[in-house]
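Me: Please take one part of this model, the empty space inside it, and look at it closely for me. After that, I would like the surroundings described in one connected account, with reasons where they can be given.

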Amino acid sequence: MRIVLIGAGQRGRVYADYMHKSGRAQIVAIVEPDQQRRLAAADHLNVPQAMCFAGEGSLWALGKIADGAIIASMDQDHYAQAIKAMEMGYDLLLEKPVSPVMSECLDIRERARSLNRRVTVCHVLRYAPFFSTLKQLLDKRVVGKPISILHEENIGNFHMAHSFVRGNWANQAESSPIILQKSCHDMDLLVWLTGSRCKALSSVGALTYFKIDKAPVGSAERCVDCGVRAACRFDAEKNYMPVLGSWPATVLTTDQTPEGLREAIRTGPYGRCVYRCPNDVCDHQTTLMEMENGVTISFVMSAFTNRMNRSIRILCEDGEISGDDEAQVITVTRFVSNAVEAFSVEQMHTQVPHGWHGGGDIALVEDFLRTLEGDETESVSSIERSIESHLMAFAAERSRLSGGGRVALDALR
């Protein structure tokens, strides 16, 4: 199996690395505008320099040279790359979000249909053991039908500062709204777990903390010049030096020496003051959803926590199911007849995950390779299944910008 990699950042490298190490696929070409990342990926994946390009035009000029393409570039580049790749005959492993523009998402789906291309969207959490166990419990109706769901995405304060204040997804015009970029995972999970599309939703949220009026007196544009950095938890050296050689320090530079990382902090975007960056995405957002099957959902995304995890309570007819994907523990509680009777509680520990996203990354790649090998079964996260989450995210942002009004999803489909 031959694969081309478009976008050799962290996500693209994860997928390509597993394919390479498994021996099930060969990476035959790389497109990556950042020279450091391009050279590092080529070396790691054994791709000759002649097959490494700064732009996709040089790749397209070669004609169809592989069976599939990984598209893990920046959000706004997905549409043109996906359309061209499908036209050339490639099936796709497409990083989420599909596109930051709703019409482009729908067009990619329509082109996949008309060209008979298989497009697997990187909604990796569908594949994670924690969430797949939840899905099995719900499908078996172990405590009856679900009535309502409380779901939380805890971004983590330092993760928010890294990815959505200093990082690539800080500004909507350059990437996409955070409810789409970060939380389309959650919208997708909720559709999948309930087995229903969303009927309507409303959403509120804002950028409240990571802005100039919160900057401490005496702070500066860059951490290295800051007079109050000793007291600031967002000082870049505090954020990155202790995790030298691992995420998120590896995002700053391929030179993971103390000197190399300090130079990236001194000169690069991740050394900027978090209160003075040109970021505009929300740092918290709450969305209420009504699903077509009657299930109601409250979803909270917030940066104001130390945790980087998802927690969920599913309130059902005969009991409730709750869990935390960080602890990998799911608890099933069955209702009793009175306040003195002992609760029936069953606790299960899900499979210890390997790799990122609770073990979902590896299973996602396996699913994509299966489709390339000729299995006609639809991908667990096909474009047909994944598009609903994007429509929900666009609707949530539309609602938020209008002051939290109700948005019906049928109008978007």
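Reply: **The cavities and their surroundings**

About 90 Å³ of space lies in the largest cavity, and, as with everything that follows, this value is computed from a predicted model. The lining of the largest cavity is made up of 15 residues, and those closest to its centre are Ser219, Cys223, Cys226, Cys232 and Cys273. Sorted by class, this lining holds 10 nonpolar residues, four charged residues and one polar residue.

The count of cavities of 30 Å³ or more in the structure is two. The second largest cavity encloses about 30 Å³, and the residues around it are Phe158, Ala161, His162, Arg166, Asn239, Tyr240 and Pro248. Two elements, helix 7 (157-166) and helix 10 (236-240), each give two or more residues to this lining. Of the elements involved, helix 7 gives the most, with four residues. By class, the lining of the second largest cavity divides into four nonpolar residues, two polar residues and one charged residue.

An open site can be set beside these enclosed ones. The second largest pocket has a volume of about 210 Å³, and of the 14 residues that line this pocket, Arg117, Arg118, Val119, Ser382 and Glu384 are the closest to its centre. Helix 5 (102-115), strand 6 (119-121) and helix 14 (383-401) each contribute at least two residues to the lining of the second largest pocket, with helix 5 giving the most, at three residues. The class division for this pocket is six charged, five polar and three nonpolar residues.

Strand 6, one of the elements that line the second largest pocket, also belongs to an open sheet of six strands, which run in the order 3-2-1-4-5-6 with parallel pairing. Strand 3 and strand 6 stand at the edges of this sheet, and because each has a single partner strand, one side of each is left without a neighbour in the sheet.

The part of the sheet around strand 2 can be followed pair by pair. Strand 1 (residues 2-6) pairs with strand 2 in the parallel sense over five bridges, and leucine 5 has isoleucine 30 of strand 2 as its bridge partner. Strand 2 also pairs with strand 3 (residues 52-53), again in the parallel sense, over two bridges. In that second pairing isoleucine 30 stands opposite cysteine 52 of strand 3, while valine 31 has phenylalanine 53 of strand 3 as its bridge partner. Strand 2 itself, which spans residues 26-31, is mostly covered, with five of its six residues buried.

The connections between these strands pass through helices. Strand 1, helix 1 (residues 10-22) and strand 2 together make a right-handed β-α-β unit. From strand 2 the chain goes on through helix 2 (residues 35-45) to strand 3, in a β-α-β crossover that is also right-handed.

Since several cysteines have been named above, what is the number of disulfides that the structure holds? The structure holds zero disulfides. In general, a disulfide is a covalent bond between the sulfur atoms of two cysteines, and the cut-off used here requires the two sulfur atoms to lie within 2.5 Å. The closest cysteine sulfur to that of cysteine 122 belongs to cysteine 184 and is 10 Å away, so the two are too far apart for a bond. Cysteine 122 is also buried, because its relative accessible area is 1% and the limit for that label is under 20%. Cysteine 316 gives a second example: the closest cysteine sulfur to its own lies 18 Å away, in cysteine 198, which is likewise too far for a bond. With a relative accessibility of 5%, cysteine 316 also counts as buried.

Cysteine 316 falls within strand 11, which covers 309-316, and the loop that joins strand 10 (296-302) to strand 11 holds arginine 307. The relative accessibility of arginine 307 is 34%, and this residue therefore counts as partly exposed. Its C-alpha atom is separated by 8.9 Å from the C-alpha atom of glutamate 326, although the two residues are 19 residues apart along the chain.

How values were computed. Residues numbered from 1 in each chain as written. Predicted model: local features only at pLDDT ≥ 70, side-chain atom pairs only at ≥ 80, totals over all residues. Heavy atoms only, no water. Buried < 20%, exposed > 50% of the residue type's maximum accessible area, 1.4 Å probe, protein only. Pairing = 2+ DSSP bridges. Right-handed = clockwise from strand over helix to strand, strands pointing away. 1 Å grid on protein atoms, 1.4 Å probe; cavity = no way out; pocket = protein on both sides within 12 Å on 5 of 7 lines; lining within 4 Å. Points joined across faces, edges and corners; volume = space filled by probe spheres on them. Nonpolar A, V, L, I, M, F, W, Y, C, P; charged D, E, K, R; others polar.
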